[in-house]
Amino acid sequence: MSGVVGMEGLCQLSIIYYAKWLGKDIIKDLRIGLFDLMMRFKMKYFDTSSVGRLTTRAVNDIETISSIFSQGLFMIIADLLKMAAIATFMVYQSWRLSLIVFIIMPLILVATRLFQRAMKVAFEEVRTQVANLNSFVQERITGMKIVQVFAREQTEYQQFYAINQKHKAAWIKTVWYNSIFFPIAEMASSVAIGLLVWFGGLNAAANGVITLGLVVAFIELAQMLFRPLRQIADKFNTLQMGMVAAKRVFEILDTKAHIANQGTQVLANTKGAIVFKNVCFSYTAGEQVIKDVSFTVQPGETIAIVGATGAGKSTIINLLNRFYEINSGTILIDGVSIKDYTLESLRSQIAVVLQDVFLFADTIHNNISLNNETVSEKEIQRAATQIGVTEFIDSLPGKFQYNVKERGVMLSSGQRQLIAFLRAYVSNPGILILDEATSSVDSYSEQMIQTATDTITKDRTSIVIAHRLATIKKADKILVMDAGKIVESGTHKELLDQQGYYSTLYKVQFASEKGQES
């Protein structure tokens, strides 16, 4: 018996350790694969997917999958093997007493099956409510300033309270099913033991083939047989939760939402010649936002794109970077279709400075280099001097090692914009895109940004999108867009002379600015 107990301990130690090790190793590979896949998704996928839900899939759901191995599948297999060994031994000792125990087994098996089905539905609801909860919290924390500015704390609290109630209700349903099943299993076990005592005791008293010692042994064996069965039901909960989580994760893994990266040519040291030929594009089928657009940008030329909100200016940038696939037409860089270039080489030659600058919760150095080990701090310092942002960085504690915190909250919008300019300049792109980079900064920051703009656009193909027309007077060419089409094209002077859309827009804006000054 000592040997058997010792072997059981060693086997349990081994199966628990290696099951948990396997579970963690599998979720590590799954999480890496999922994150790698999500980084290659089209922007359209993220346009329609909640960040909170994606975070739940990549963190919570994948962690739950590990329980399939550490607490579910292998533990169930171990319990089934133990039950098979016990049942075999019982039949060997006494088929009569074994038959009494086995008569009760179908009742527990049926209850277990019904319990399993009910728990699967309940756990699907639990995972849905967990995703809703994470999504709500993530969005409200990110937008906390808006919540407080408009005094929406009580309203958001009520919404959060309602979501938590649904989350609680989903979990209570699983608790209810557990509360029903385990008493049924316990009662069935007690009935089996009672029948053993009754039948075995009477047989032993009548000096039959069953002895009192065999009855006592079967009472213990019956408990050993039913105990794993009850535990299997509990482990089915874990298994069901893991299976529901796995289904959600594999739905993302099976998603075909990435840009086809079948190009074989490498774009290096681009000259910056850009051609759009009859390009059409729509975010939603049947609703074109870019309509038969054609234009050419010569190497080293600076062009500006202007137009009302929703005219399609930013979409041009998204298409050039292949964040979205065009419906028809062709986009060429240096005479080659952008589809023939590898995505990595294409995007490495295009730097974008957006209006809404995103900074990671990291140092200024790492936000500029994006953890590229080939970019040294001396190079960044030299670039900062060249575009005139050294003064503001030197004023920060730690200078380039200053941590800007999440989304760069420790910096002003103008300072974040300057960091974005420096990041673009350090990457040494062949093509530079400035998307309304001065629309939300103060006059002092705008002057610094204008100096930085002049420096980084020099001798480099540049596309500038701006609402403020005064900032694009020096552009070699200005494209005027309206409702997804290019309606006018020319220099600032030429467009003013045409007395068309651009001229009207410029006069309205000039009058507005003059009125504000007065």
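In what order do the six strands of the open sheet stand? The legends below take this predicted model one close-up at a time.

**View 1. Six strands form an open sheet with mixed pairing.** The order is β6-β7-β8-β3-β9-β10. Strands of a sheet pair through backbone hydrogen bonds, either parallel or antiparallel. At the edges stand β6 (350–353) and β10 (485–490). Each has a single partner strand, so one side of each is left without a neighbour in the sheet. From one strand to the next, the twist averages 20 degrees.

**View 2. Strand β9 runs antiparallel to the edge strand β10.** Strand β9 covers residues 477–482. Five bridges join β9 to β10. Look for Leu479, which stands opposite Ser489 in β10.

**View 3. Helix α13 packs on the sheet.** This helix spans residues 413–426. It touches β6 and β7 (431–435). The direction of α13 makes about 175 degrees with that of β6.

**View 4. Helices α11 and α13 pack at an angle of about 115 degrees.** Helix α11 covers residues 377–387. The axes of the two helices are 10 Å apart. The crossing of α11 and α13 is right-handed. From α11, the contact uses Ile380, Ala383, Ala384, Gln386 and Ile387. From α13 come Phe421, Leu422, Tyr425 and Val426. By class, eight of the contact residues are nonpolar, one is polar and none is charged.

**View 5. Strands β1 and β2 form an antiparallel pair.** Strand β1 holds residues 274–284, and β2 holds residues 287–297. Seven bridges connect them. One residue to find is Phe276, whose bridge partner in β2 is Phe295. Two residues lie between the strands of this hairpin. There, Gly286 takes a positive phi near 90 degrees.

**View 6. The rings of Tyr157 and Tyr161 make a tilted pair.** How many aromatic pairs does the model have? The count comes to eight. In the pair shown here, the ring centres are 6.4 Å apart. The planes of Tyr157 and Tyr161 meet at 35 degrees, so the pair is tilted: edge-to-face would need over 60 degrees, and stacked would need under 30. Both residues belong to helix α6 (residues 153–205). Tyr157 and Tyr161 are four residues apart, so about one helical turn separates them. Tyr157 is partly exposed at 48% relative accessibility. Tyr161 is also partly exposed, with a relative accessible area of 45%.

**View 7. Phe281 and Tyr283 meet edge-to-face.** Their ring centres are 4.8 Å apart. Their planes stand at 85 degrees, so the pair counts as edge-to-face. Is Phe281 buried or exposed? Phe281 is buried, because its relative accessible area is 3% and the limit for buried is under 20%. Tyr283 is partly exposed, at 28% relative accessibility. Ring pairs also bring in Tyr324, linking Phe281, Tyr283 and Tyr324 into a cluster.

**View 8. Tyr45 is a buried residue of helix α2.** The helix covers residues 43–47. Tyr45 has a relative accessible area of 16%, so it falls under the 20% limit for buried. What does Tyr45 touch, leaving aside its neighbours within four places in sequence? Its contacts are Leu54, Ile252, Thr255 and Ala257. Tyr45 and Ala257 are 212 residues apart along the chain. Their C-alpha atoms are separated by 6.6 Å.

Terms used:
Residues are numbered from 1 along each chain as its sequence is written. This is a predicted model: local features need pLDDT of at least 70, side-chain atom pairs count only at pLDDT 80 or more; totals for chains, interfaces and linings use all residues. Side-chain values use heavy atoms; hydrogens and water are left out. Two strands pair if DSSP finds at least two bridges between them. Buried means under 20% relative accessible area, exposed over 50%, partly exposed in between (1.4 Å probe, protein chains only). Contact means heavy atoms within 4.5 Å. Axes are lines fitted to C-alpha atoms, for helices over the stretch in contact, and angles run from 0 to 180 degrees between N-to-C directions. Rings of Phe, Tyr and Trp (its six-membered ring) pair if their centres lie within 6.5 Å; planes under 30 degrees apart count as stacked, over 60 as edge-to-face and the rest as tilted. A crossing is left-handed if the near helix is turned anticlockwise from the far one by less than a right angle, and right-handed if clockwise. Ala, Val, Leu, Ile, Met, Phe, Trp, Tyr, Cys and Pro count as nonpolar, Asp, Glu, Lys and Arg as charged, and the others, Gly among them, as polar.
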